[in-house]
Amino acid sequence: MRHFLIDTDTASDDAVALLMALREPSVRVEAITVVAGNCPLEIGVKNALISIEKAGTYAPPVYAGMAQPLLRELLTGEHVHGQDGLGNQDLPYPALEKQSGHAVDMIIEMARRFPGELEIIALGPLTNLAMAILKEPALPDMIKRVYIMGGGGLGPGNITPVAEFNFYVDAEAAHLVIQSKLVKIVIGYDVCLEETFINPSDITHLNSLGSLGEFVVRSVKTVIEYHKSLGKDGFGLPDPTAVAVALYPDIVTKQFDAYGYVEYKSEKAYGQFIIDQLQVTGNPPNVTAITEINARKFKEKLFQLLS
Ligand code: BDR
Ligand code: CA
């Protein structure tokens, strides 16, 4: 059995990602740690608890983590995910509660509990993970690998022309994590833009699946509006794409190892993930960059896990 910890700034696509991971019987989510990003911290915690209840399988402990990026003011994503992070559904607080204890400590504790076996899926800004590395420098040696949804991959940024939201919110933390000795698999925003994009007929299909599919469509209501404003019909699922790569490694159709770094000193390129595709820096690869997955399989798995 594979052991996962999911670090998330739970809004709409994070919620879908949690549903998928919690409903995949071949893995175990040992803990969920929440970081501020898409929403202020406590809204993210509430949404993580709602997602667990909706998944209806088992309830991993949920821990709140960093409420602010390392150095910058928090930038949130209500313009994409809604005021409540879930498409403005304004759901009541769930019966489940978060655990006491800090997410940063729990990342370290889980790594000790499953030495060499813990796999982390990071779906938000990397503040919690960066703090855990600062607190326990041996952490990278204790963790099997980290799947990171972050950076624009080989495509455009989604918050500035060159930066993707998760890396932009806390580029200092992203820099620290990318430069660490962790084994890193990075899934860029570009992977959810083309064939994996959820189109109108996929939305009809989701709605036909029953309560979970309908919950997903309601949760992404404002994301659909956001994409409409960009001239696109449907919505992307960056975090579920990262979870699919983690759950089903053979879903990947294009990947390469490279040296990558996160720009955090420049104003205009703040948060840009730069991938040295032609090895011009001469630095050894420090990430595996995923640039394409099998879209048909992705949608099949998504529909199956939500059924
Ligand atoms: C990432 O930012 C958030 O909007 C999503 O949850 C995802 O993690 C995409 O840039
Ligand atoms: Ca996220």
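**Exercise 1.** Which residues of helix 11 (residues 221-229) are buried? Then find what covers them and look at the backbone just after the helix.

*Solution.* The model is predicted. Step one: the buried residues of helix 11 are Thr222, Val223, Ile224, Tyr226 and His227. Step two: their cover includes helix 1 (12-23), helix 3 (78-81) and helix 9 (200-208). Step three: Gly231, just after helix 11, has a positive phi of about 85°.

**Exercise 2.** Which residues coordinate the calcium ion (ligand 2)? Place Leu123 and Asp239 along the chain, and decide whether each is buried or exposed.

*Solution.* Step one: the ion is coordinated by Asp9 (OD), Asp14 (OD), Asp14 (OD), Leu123 (O) and Asp239 (OD), at 2.3 to 2.6 Å. Step two: along the chain, these donors follow the spacing D-x4-D-x108-L-x115-D. Within this set, Leu123 lies in the loop between strand 4 (118-122) and helix 5 (127-135), while Asp239 belongs to helix 12 (residues 238-247). The two are 116 residues apart, and the pair links distant parts of the chain. Step three: buried means under 20% relative accessible area. Leu123 is at 1% relative accessibility, so Leu123 counts as buried. Asp239 is at 2%, so Asp239 counts as buried.

**Exercise 3.** Which strands pair with strand 7 (residues 252-262), including strand 9 and strand 8, and in which sense?

*Solution.* Step one: strand 7 and strand 9 (residues 287-293) are antiparallel, with six bridges. Here Phe256 stands opposite Ala289. Step two: strand 8 (residues 273-276) also runs antiparallel to strand 7, joined by four bridges. On this side, Tyr259 is opposite Asp276.

Conventions:
Residues are numbered from 1 along each chain as its sequence is written. Chains are lettered from A and ligands numbered from 1 in the order in which they are written. This is a predicted model: local features need pLDDT of at least 70, side-chain atom pairs count only at pLDDT 80 or more; totals for chains, interfaces and linings use all residues. Side-chain values use heavy atoms; hydrogens and water are left out. Buried means under 20% relative accessible area, exposed over 50%, partly exposed in between (1.4 Å probe, protein chains only). Contact means heavy atoms within 4.5 Å. Donors are N, O and S atoms within 2.8 Å of the metal (3.2 Å for Na, K and Ca); water is not among the atoms, so sites may look incomplete. Two strands pair if DSSP finds at least two bridges between them.
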